[in-house]
Amino acid sequence: TLRKNVDGVKAQAEESLQESEQQFEALYRDAAIGIAAADLDGRLLHANPALERILGYTSSALLGRELCAIVEEDECRKIKRIWRALVNTERNEYRTECRFAREDGSPVWGNLTMSLVRGTDGAPRHAILMLEDISDRKRLEREVADLAVQEQQRIGQELHDELGQVLTGMSFMSRTLLERLIKQNSSETTTARQISEGIQRALSQ
C-alpha cells in the first residue's frame, strides 16, 4: 500500500543518512589532517584527534579558544583580516599558510583552509577549519635556501681567489714593466705607474 511504500522510502532514507553520518564520523576521527568547527566569532566548537596531535592540545583545552589564540602572535592580524572577509563577504573559502603555536610554545607551520557553512537562507552558520602540518616542507625549503646561500658564497670566494691570483700576476708584470720604462726614461712611465697603482688598489680590496 501507499503507507507501506512511504514507510519503506523513509526507512531507506534514514538508513542512508545514518550510514553517511557514520562515514563522516570515521573520516573526521581518522583523518590525517586537523579538522575543527568554529563559530562566527572564530571560537573552536570541536576538534578532531589530528588537530589535537598537531597542536599538542587536548580536546577540552582547544574548545572555546579563538583562532588567534593558537597561532603565533605576529600571525594574528592576518588571521583576523581573513576571518572578517570570510564571514562578511560572499566568498566561502580562504587558504593561507601560517605559523601556529603548540601548547608547549613551539611553532608549527600549517596550511589552513577555512570554509564557511551557510544555512538554507544563505546566512553564515559556522566555519569548518582544516589544518595540514607543513613543518617538514618548510624546514626543507629553509635548508635548501641555506644551501643555496652557502653555494653562492663558495662560488663568490672561489671567483675572488681566482681574480686575486690573476691580479697578483698582473701586479708583478706591471711593476716589472714600470721599472723597465723608468730605466729607459720612457714617456709611457706615467701611464704604466697609473696602471700598476690601480692593480694594487684592486688587490687591497
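A salt bridge is a side-chain nitrogen of Lys or Arg within 4 Å of a carboxyl oxygen of Asp or Glu. The exercises below apply this and other criteria to a predicted model, where local features need pLDDT of at least 70, side-chain atom pairs count only at pLDDT 80 or more, and totals for chains, interfaces and linings use all residues. Residues are numbered from 1 along each chain as its sequence is written, and side-chain values use heavy atoms, with hydrogens and water left out.

**Exercise 1. Salt bridges**

Task: find the partner of Asp41 in a salt bridge, and state how exposed each of the two residues is.

Solution.
- Asp41 pairs with Arg43, and their closest N and O atoms are 3.3 Å apart.
- For accessibility, buried means under 20% relative accessible area, exposed over 50%, and partly exposed in between (1.4 Å probe, protein chains only).
- Asp41 has a relative accessible area of 51%, so Asp41 is exposed.
- Arg43 has 32%, so Arg43 is partly exposed.

Task: describe the salt bridge of Glu97 and place both partners in the secondary structure.

Solution.
- The side chain of Glu97 meets that of Arg137 at 2.6 Å, N to O.
- Glu97 belongs to strand β3 and Arg137 to helix α5, 40 residues apart, so this pair links distant parts of the chain. Helices (H or I, at least four residues) and strands (E, at least two) are DSSP runs numbered from the N terminus.
- Glu97 is partly exposed at 28% relative accessible area, and Arg137 is partly exposed at 35%.

Task: repeat the analysis for Asp136 and Arg139.

Solution.
- The closest N and O atoms of this salt bridge are 2.6 Å apart.
- Both residues lie in helix α5, three residues apart, about one turn of the helix.
- Asp136 counts as exposed at 58% relative accessibility, while Arg139 counts as partly exposed at 37%.
- Elsewhere, Asp74, Glu75, Lys78 and Arg99 are joined into one network by salt bridges that share partners.
- The count for the structure comes to 11 salt bridges.

**Exercise 2. Cysteines**

Task: decide which cysteines form a disulfide, and why Cys98 is not bonded to Cys68.

Solution.
- The criterion for a disulfide is a pair of cysteine sulfur atoms within 2.5 Å.
- Cys68 and Cys76 meet this criterion, with sulfur atoms 2.0 Å apart.
- The structure holds one disulfide.
- The torsion about the S-S bond of Cys68 and Cys76 is about 110°, so the disulfide is right-handed.
- Both Cys68 and Cys76 are buried.
- The closest cysteine sulfur to that of Cys98 is in Cys68, at 9.5 Å, which is too far for a bond.
- Cys98 counts as buried, at 0% relative accessibility.

**Exercise 3. Fold and core**

Task: give the order of helices and strands, then identify the elements that build the largest nonpolar core.

Solution.
- The protein has six helices and five strands, in the sequence pattern α-β-β-α-α-α-β-β-β-α-α.
- A nonpolar core is a set of buried Ala, Val, Leu, Ile, Met, Phe, Trp, Tyr and Cys residues joined through side-chain atoms within 4.5 Å.
- The largest such core has 30 residues, and Leu55, Leu67, Trp83, Phe100 and Met114 have the most contacts inside it.
- At least two core residues come from each of β1 (34-38), β2 (44-47), α2 (49-55), α4 (76-88), β3 (93-101), β4 (107-118) and β5 (124-133).
- With seven residues, α4 gives the most to this core.
- Not counting residues up to four places away in sequence, Met114 touches ten listed partners, including Leu67, Trp83 and Leu129; contact means heavy atoms within 4.5 Å.
- Of the 205 residues in the protein, 28% are buried.

**Exercise 4. Two sites on helix α5**

Task: classify Lys138 and Met173 as buried or exposed.

Solution.
- Lys138 is in helix α5 and is buried, with a relative accessible area of 18%.
- Leaving aside neighbours within four places in sequence, Lys138 is in contact with Glu97 and Trp109.
- Met173 is also in helix α5 (residues 135-183), and counts as exposed at 55% relative accessibility.
- Met173 forms a nonpolar surface patch with Met170 and Phe172, with about 330 Å² of accessible area together.
- Patches are made of residues with over 30% relative accessible area and no salt bridge; like charges are joined within 9 Å, nonpolar side chains (Val, Leu, Ile, Met, Phe, Trp, Tyr) within 5 Å.
- Accessible areas come from the Shrake-Rupley method with a 1.4 Å probe, and for residues only the protein chains shown count as cover.
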